[in-house]
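Trainee: Could you take me through one part of this model up close? I'd like to know how it sits among its neighbours.

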Amino acid sequence: MLSVTDLALRVPRSPGRRCLLGIAGPPGAGKSTLAERLSAELTRSGLRAVVAPMDGYHLRNEVLRARGALARKGEPDTFDAAGFVTDLRALRETPIGEPVPWPLFDRAIDEPTEGGVVVRDKDIVVVEGNYLLLTDAEAPGWAEVGELLDACWYLDAPRAVLTERLLHRHTAGGRSAAEATVKVTDSDLRNADLVAASRHRADQVLTAVDAGYRIG
Ligand SMILES: Nc1ncnc2c1ncn2[C@@H]1O[C@H](COP(=O)(O)OP(=O)(O)OP(=O)(O)O)[C@@H](O)[C@H]1O
Ligand SMILES: [Mg+2]
């Protein structure tokens, strides 16, 4: 088993240049949790790290509603993939010290917030989200993401664990048990299957165990 400290030592780094580590995986796998833990550990060890979630590239609800896609929120085409790619490139190409605004997703209002974080002096950015390892055949517009990352890990979790976490999230967010079940079955787990098809492209696959993570 690897601790977060062990994992932090495996994060790519390159003096003088900003490195981007991706953490891909299905909804509810624990990507945001791992990304925050890694960023905190890297910071503790004296590096300058920050998390840049893919979530901030959700299209706004009014845009999704106008497209008749609100019920499918979370699928690849309900995100601004082009904006995500543009901003990943900016993270790579902007010299350390200059600002790169990055949107965040606010679960309380279910909308992105522009420039939620500004990346400036960080030399490691942990990019986390579902769709970091897709091909254009799987979802148009996403293939460039993988090319912009220095490495990409995949965080896996058993389907039963994903299901339980997602049901809990949706009921805590105000859905009835029946509505939560429909959302998980018709949407989240379908997205999880699409993400799972990209697992083999990851540089390493992790699964959470006890207080740490194991490879594979
Ligand atoms: N290693 C872990 N052990 C136990 N529970 C965990 C672990 N990592 C995350 N969780 C729990 O699982 C749930 C989902 O975690 P998290 O929000 O990090 O997942 P995610 O992959 O970012 O989900 P999403 O794709 O929906 O953003 C949270 O309740 C979190 O506390
Ligand atoms: Mg998350």
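Mentor: Sure, let's take a strand and then a helix pair. This is a predicted model, so local features need pLDDT of at least 70 and side-chain atom pairs count only at pLDDT 80 or more, while totals for chains, interfaces and linings use all residues. Residues are numbered from 1 along each chain as its sequence is written, chains are lettered from A and ligands numbered from 1 in written order, and side-chain values use heavy atoms, leaving out hydrogens and water.

Start at strand 5, residues 124-128 (strands are DSSP E runs of at least two residues, helices H or I runs of at least four, numbered from the N terminus). Five of its five residues are buried, that is, under 20% relative accessible area with a 1.4 Å probe, protein chains only. Ile124, Val126 and Glu128 are buried on one side of strand 5, and Val125 and Val127 on the other.

Strand 5 pairs in the parallel sense with strand 1, residues 19-24, over five bridges (pairing takes at least two DSSP bridges). Leu21 sits across from Val126 there. Strand 2, residues 49-53, also pairs with strand 5 in the parallel sense, over five bridges, and Ala49 has Ile124 as its bridge partner.

Now the helices: Arg159, Thr163, Leu166, Leu167, His170 and Thr171 of helix 6 touch helix 7 residues, among them Ala177, Val184 and Asp193 (contact means heavy atoms within 4.5 Å). By class, six nonpolar, four polar and four charged residues make up that contact between helix 6 and helix 7.

Note on methods:
Nonpolar A, V, L, I, M, F, W, Y, C, P; charged D, E, K, R; others polar. Buried < 20%, exposed > 50% of the residue type's maximum accessible area, 1.4 Å probe, protein only.
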